[in-house]
Amino acid sequence: MRIWILAAFLLVFATVGLAMFPRMMDWNTYRQDLEVAASKHSGHDVTISGPIEVTLLPQPMLMAKDVTVANHDSETLNFGLVANQANVSFKIGPLLVGKPVVKTLYLKRPTLSLTGGSWQRLTSWPPRWRDWAAPLSKLDLEGISIANGRISIDNEARSQSSSIRDLSLDIRIDKPANSVEAVGLFKTKRHSFTISSEFGRPDANGARAAKLLVEAQNGQEEQTSLRFGGRLSLVDDVPNLRGRMSLGGPDLQHGLAALAAATGYPSTFRFLKEAQPFAIEGQIEADREGVRANDMQLRLAEKIGKGAIDLQLHPQHRLNLSLELPTLRLAEETGLVDFLPLDVLSKLEVPPGEIDIRLREVAYRNGSARQASLKLHTSRDGVTTVEEAKTQLPGLIDIRFEGGLYPAEIGSQLRGKLAAVGDNLKSSLNWIGLMKDHDSTEGWRNFSLTGDLNVSSVEVALTNTELSLDSSSAVGRANLRFSERQRLNLDVEFDRPNVDLYLSAYTPRQVLAALSRHLSAVDVDANLRFKRLIWQGFYLENGTLRSRAENGQIFVDEIQINTVGDTTLSLAGTIDIDDRSADLQTQISSQQPFRTLRHIDVDLPINASRLRPVEFSGAIKGSLDLFEAEFDAIYDGGNAHVEAEAGWLDDRLWYNLAAEASHPDNQALARQFGLAPVIPDGDADGPLELAGRIRHAAGTPWVASGSWTLGPTTFTGSLSFEDAPFKSPFDAKLSVGVPQKDSLAPFLILMGLKLTNDWTPARWLGRLPDIGLRSAWLESTEGTLSLSSKGGIVGDSLAVEAALKDGLLYIKRVDARPWNGRLQAEMTLERRREQPFLAVAISLDQVSSAEFAEWIGAKSGLDGPLDLRFEASSVGFTAYDLIASLSGTIEAELGPGELRGVGIPALKRSLFDRSADEGSPIDRSLTLPFNGIDATAAINRGIFTIETGKLSVSSEADGEASADLTGGLDLLLWIVDLTVTTDDRGIRDDPHQPPAYHVIGPPNRPFGMIKDGN
């Protein structure tokens, strides 16, 4: 019994000793020996920086902290492994005889750093089995475990890094079955990956069945799976893989993002319209020569494409890739380049070879880009030649690029020739979201562009550019530099850019808002020139714009515009886009104003070509909502000063303008503008002086008020007018002092009236024009007019009050003092009937009959106070029609006066002395006093017919006689037919019918004769 107790005691003591003895030793003294042994067995440099512990029970194990494994072969991919803790377990049997055999390897929080990655450096790929796997096979491992690991990849050639984290991996090696199983997982920034693989027992030829499954998820329902099934074997000590591969999932965007993340090129890849299922299947072969897949089938949303890949690895690296892709449907919110993986393309390193990619259709919004193709040739010197890159956008816009991707100090540089041509640029701009459907329907059609494109990580430049759009063209260069604030440099010369056509759909506020959005992040240096330009109906020539924009402010160094007539506009100052404010100075000079005004469609008569040079200068200061302007003008010894406040309120312009102007000779000024009448200079000679104010805001009446002087004539008044859709209301008040023909003539000419030397009715009576009345404005406007005048051609005074409403012009009162008497009148002109209807009532009191007759072009020889009452109406579309349909009555009373003229002897003989000798000499200086004339006449279709007419005359020698007046006046023919017949049958007991005096012919040249009563 004691022996068993002793044996048990010795066993316990030995066990405790085996457990305690290794902990009592300082294993750090064997650090160098352990590093050498580990390096020999692993085939790589191993360094142990932390403490070392060894345990024998329950399993012999070596535990080391801060272990580093490195490989510094400059011809291959370098790596460095740093583990927080490495546990190596040994088999007990071999360890007891002094031949340690590693059983398992456990790494805690290891970090694997990979550097290199250049295709040019991987000259020894693929590595042979004995170079990397054989040392591990000699360890006779049964398992490898990794917990909470991390892999960091640093691509020196691309200055790019990526990482995976939370790596957990368990590898189990079944020695009896000679098979390997591995399961694990890892994460990237947005995705998690699970891995499971299995390599079965080798067959008689050493080939193993191989299976691989990789699944990627991003925390949502999207999942992408990579599967492989085939065989793995060694041929000439190099692994050979043969089998079938499939890659697929319910969302192509997720698959691309997961693939980019797993290979070190993270990207969001959010550009497709919706989740589109995809699948890639095909046979794959990987051996010493390379990787090949020649029968790949691509399925995307029930559309099928195809492709092939041949990656040659030995003896030199070469890639041949051919893909034909089906339709891609992009999301409507996708921007211009969002769907292009530019972050991947800029970093992607491709070995030498040929790449041919074709895309049948890119469906986006309401159109598609078709027949996109890309042919690349990659070379060993890092140059990628773009042999062909083309597509066709909606609107039949063909785009082509030829060039190459070249190595540069920073990243790569894309250089080449860009060309685009088509018939409907607007359709393409609308397709990519740069133009809206309701924008200008005209223009933006015929389009062509050629230029040299240069794109790098710091700059995009387009040089030697020629652009043609509609009838516009441009040549020059542009480049955009990337920095903390992007900077755009423009040096462009335009010809015939039609600004109205291209920006007609935008208000000034919208244009400013667009500038604010762009200039808030981009600085601009612009040097722009144009030969010819159309803007707001202005045709401009030879313009220059030099400006720069920095931090939202525009500094206008120079804007100079020339146009026909040697007109030059200069502008300089600053514009603050963020505050929507400006401080600008401007100058305008024109050597030939007539040519300039005619060029902008100002209708001036040809005799205005004598206009002299004019100069303007001024300043504008303030914001778009409220700004102030002040201008001065100098012209032909005259000057003008204008001050204004203006702005936009709810996208509507408002302004308040005050002006003062003067010129020493108003008639000379009128003649220069072709407005002076064809009359000699007269009483209207003198200076022009003007002072007034105009204010207007959209939705409110346009109001003007002020006074101006033309020689002796002075105008003072106000006008309120509103441009409304159906009825434009107005209210006008005007007072004129000492009006002269010469002063009024320019206004009449501006109103479209052809003025001659004599503009009394005598010029048009008998020659009535058959031209339609401009009466449409009666139905489109309504308002009131108040006019007063005194002196000059109106005599003592003139007052007019009129109203217009619902197509009816009502002159309520005309009160004047012409011809040394008084005139009062009322008139209505109505457009509401089928034809314009005119009704007029005129009253003349004690006017000079001689002056009145002269005004209407008659030669009556009567001189006395005249009272006249006239009422009539007519209808018609022309002045001729109105006279031809004139109907009414007229009453006239002529007070005591005299009859003068060559017909007085004949008239006297017919009234008093019928026996006088007709052959006696005629005394042309004779006058015949008369006591009065009283007559009434009817008006019918433009013809006056005297119904009752009495003439009473007296003679010192012959006493008093009275006569009847018969006949009338034809207004259309302007012919008078008047007969004077005495009604005294008892004079001198003459039994015969008394002779009659007959007057016939035009009133200004009548013919008189005596008709014998017998």
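Analyst: A definition to begin with: a residue is buried when its relative accessible area is under 20%, exposed when it is over 50%, and partly exposed in between. Please keep in mind that this is a predicted model.

User: Thanks! Does K390 count as buried, partly exposed or exposed?
Analyst: The relative accessibility of K390 is 28%. Buried would need a value under 20%, and exposed a value over 50%. K390 lies between those limits, so the class is partly exposed.

User: Which residue does K390 meet in a salt bridge?
Analyst: A salt bridge here needs a side-chain nitrogen of Lys or Arg within 4 Å of a carboxyl oxygen of Asp or Glu. For K390, the N to O distance is 3.8 Å. The other side chain is buried, at 18% relative accessible area. That residue is E388.

User: How many salt bridges does the structure hold?
Analyst: Side chains of opposite charge can pair when their charged atoms come close. Counted over the structure, the salt bridges number 32.

User: How far apart are the closest N and O atoms of D452 and K417?
Analyst: D452 and K417 form a salt bridge. D452 sits in strand β23 and K417 in strand β22, so this pair links distant parts of the chain. The closest N and O atoms are apart by 2.7 Å.

User: Is K417 buried or exposed?
Analyst: Its partner D452 has 18% relative accessibility and counts as buried. For K417 the relative accessible area is 54%. Exposed means over 50%, so K417 is exposed.

User: How many residues apart are R487 and E550?
Analyst: The side chains of R487 and E550 meet in a salt bridge, 3.4 Å from N to O. R487 belongs to strand β26 (residues 486-495), and E550 to strand β28 (residues 538-550). The pair links distant parts of the chain, and the residues are apart by 63.

User: Which residues are linked with R487 and E550 in a network of salt bridges?
Analyst: Both ends of the R487 pair are partly exposed: R487 has 23% relative accessibility, and E550 has a relative accessible area of 29%. These two belong to a network of salt bridges. The other members are D523, D525, R548 and D557.

User: Which element gives the most to the negative patch?
Analyst: On the surface, E628, E630, D632, E643, E645 and E660 gather in a patch of negative charge. Two elements, β33 (627-635) and β34 (638-649), give two or more residues to this patch. With three residues, the element that gives the most is β33.

User: What is the relative accessibility of D632?
Analyst: D632 has its place in strand β33. Patch members need over 30% relative accessible area. D632 counts as partly exposed, and its value is 34%.

User: How many aromatic pairs does a search of the whole structure find?
Analyst: Rings of Phe, Tyr and Trp pair if their centres lie within 6.5 Å. With that cut-off, the number of aromatic pairs in the whole structure is four.

User: Is the W708 and F715 pair stacked or edge-to-face?
Analyst: The ring centres of W708 and F715 are 5.2 Å apart, and the angle between the planes is 15°. Planes under 30 degrees apart count as stacked. The W708 and F715 pair is therefore stacked.

User: What is the angle between the planes of W819 and F852?
Analyst: The ring centres of W819 and F852 are 5.2 Å apart, and the pair is edge-to-face. W819 lies in the loop between β42 and β43, while F852 is in helix α15, so the pair ties together parts 33 residues apart in sequence. W819 is buried at 15% relative accessible area, and F852 is buried at 17%. The planes of the two rings are at 75°.

User: What is the phi of V738?
Analyst: V738 lies in the loop between β39 (728-737) and α13 (741-750). V738 is not a glycine, yet its phi is positive. The value is about 55°.

User: Where does W974 lie?
Analyst: W974 is another residue other than glycine with a positive phi, near 55°. W974 is buried, as its relative accessible area is 9%. Its place is the loop between β51 (959-970) and β52 (975-982).

Definitions and conventions: Residues numbered from 1 in each chain as written. Predicted model: local features only at pLDDT ≥ 70, side-chain atom pairs only at ≥ 80, totals over all residues. Heavy atoms only, no water. Helix = DSSP H or I, 4+ residues; strand = E, 2+ residues; numbered from the N terminus. Buried < 20%, exposed > 50% of the residue type's maximum accessible area, 1.4 Å probe, protein only. Patch = residues over 30% accessible without salt bridge, like charges linked within 9 Å, V, L, I, M, F, W, Y side chains within 5 Å. Areas by Shrake-Rupley, 256 points an atom, 1.4 Å probe, with all protein chains shown as cover. Lys, Arg positive; Asp, Glu negative; His and termini not counted. Charge placed at Lys NZ, Arg CZ, Asp CG, Glu CD. Phe/Tyr/Trp six-rings, centres within 6.5 Å; stacked < 30°, edge-to-face > 60°.
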